[in-house]
Amino acid sequence: MTDAYRPAARFLHWTVALIVLCMIPAGLIMTTEGLPRPVQDTLFLFHKNAGLVVGVLMLIRLAYRSAHPPPPLPASVPAWQARIARISHGLLYALLFLMVASGFVRVTAGGFPLEGWDALGLPRFSKREALGSAASEVHEGAAYGLMALVLLHAGAALHHALVRRDGVFARVWLAAGR
Ligand code: HEM
Ligand code: HEM
């Protein structure tokens, strides 16, 4: 087997992926018209609390990654594909941080609660409607970018797992040895 990501990096990858894959449908559903109020409130509660957890996990992940850089891809992966993988991983990090930051600004500048994070004393922006609306636009645009990239990313990973069977998928899968 080729070199794998360390267990902590794999754990962080799948924890963040699982939360984000629940948050995307939650975000899309909670913003639709005509939803029963308790359902909408519950989805917002989950989305905001979990979104900031993703922010914390991504900071830990970035710190961990700079201390333990990922292992090089196997030599069977052509250089241009390795380059696309590097760029798309960088974009995934950037978009996740942008989602968390724009969500945070949208909520606090819009004058809405941060739910559990308010109780923990997380600082907030003061209410500024224009800033809140701008952040809402950024959040929505970045969400569609993230969805497209996650689809490409998961598609490429499955291609490695099922067609090429070159050990790339196993590098990040939880059962990989090290
Ligand atoms: C991994 C991070 C996140 C992802 C993938 C994500 C995804 C989404 C998606 C797909 C939507 C629906 C599209 C839209 O109308 O904007 C949405 C809406 C929303 N999200 Fe997030 N979100 C994230 C983080 C956050 C955070 C940290 C907060 C706040 C603390 C937040 C608050 C909101 C709010 C308030 C809306 C409704 C926006 C509006 O209608 O103005 N999100 N999110
Ligand atoms: C929201 C969902 C996901 C996000 C945000 C995400 C994000 C990322 C990021 C940022 C990396 C690079 C990690 C690093 O080098 O520090 C990565 C690697 C990887 N991801 Fe995902 N991922 C998601 C879902 C998935 C899914 C569903 C699969 C499989 C079907 C997958 C398979 C992989 C594989 C195989 C790698 C390692 C690639 C390599 O060896 O260089 N990911 N992912």
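Hi everyone. Let me start with a term: a polar contact here is a pair of N or O atoms within 3.5 Å. Keep that cut-off in mind as we look at ligand 2 in this predicted model.

With that in hand, take Arg-171: an N or O atom of its side chain is 2.4 Å from an oxygen atom of ligand 2. Tyr-93 also reaches a ligand oxygen, with a polar side-chain atom 2.7 Å away. For His-13, the partner is a nitrogen atom of ligand 2, at 2.8 Å from an N or O atom of the side chain.

Those three belong to a shell of 22 residues, and they are among the nearest, together with Arg-65 and His-153. By class, that shell holds 16 nonpolar, 3 polar and 3 charged residues. Which helix gives the most to it? That would be H5, with 5 residues.

Now, the pocket. Ligand 2 takes up the space of the largest pocket, which holds about 1,400 Å³. Its lining counts 49 residues, and Tyr-5, His-13, His-89, Leu-92 and His-153 lie nearest the centre. H5 again has the largest share of this lining, with 12 residues. The class split is 34 nonpolar, 8 polar and 7 charged.

There is a second largest pocket too, at about 860 Å³. It is lined by 33 residues, with Gly-27, Met-30, Thr-31, His-47 and His-139 closest to its centre. H1, H2, H3 and H5 each give two or more residues to that lining, and H2 gives the most, with 8. In this lining, 21 residues are nonpolar, 7 polar and 5 charged.

Thanks for listening, everyone!

Notes:
Residues are numbered from 1 along each chain as its sequence is written. Chains are lettered from A and ligands numbered from 1 in the order in which they are written. This is a predicted model: local features need pLDDT of at least 70, side-chain atom pairs count only at pLDDT 80 or more; totals for chains, interfaces and linings use all residues. Side-chain values use heavy atoms; hydrogens and water are left out. A residue is near a molecule or strand if one of its heavy atoms lies within 4 Å of it. A polar contact is a pair of N or O atoms within 3.5 Å; within protein, one must be able to donate a hydrogen and the other to accept it, and residues adjacent in sequence count only if both atoms are side-chain atoms. On a 1 Å grid over the protein atoms alone, a cavity is a set of points where a 1.4 Å probe fits but cannot get out, and a pocket is an open set with protein on both sides within 12 Å along at least five of seven lines; lining residues have an atom within 4 Å of a point. A molecule sits in a cavity or pocket if more than half of its atoms lie within 2 Å of its grid points. Helices (H or I, at least four residues) and strands (E, at least two) are DSSP runs, numbered from the N terminus. Ala, Val, Leu, Ile, Met, Phe, Trp, Tyr, Cys and Pro count as nonpolar, Asp, Glu, Lys and Arg as charged, and the others, Gly among them, as polar. Grid points are joined across faces, edges and corners, and a volume is the space filled by probe spheres set on the points.
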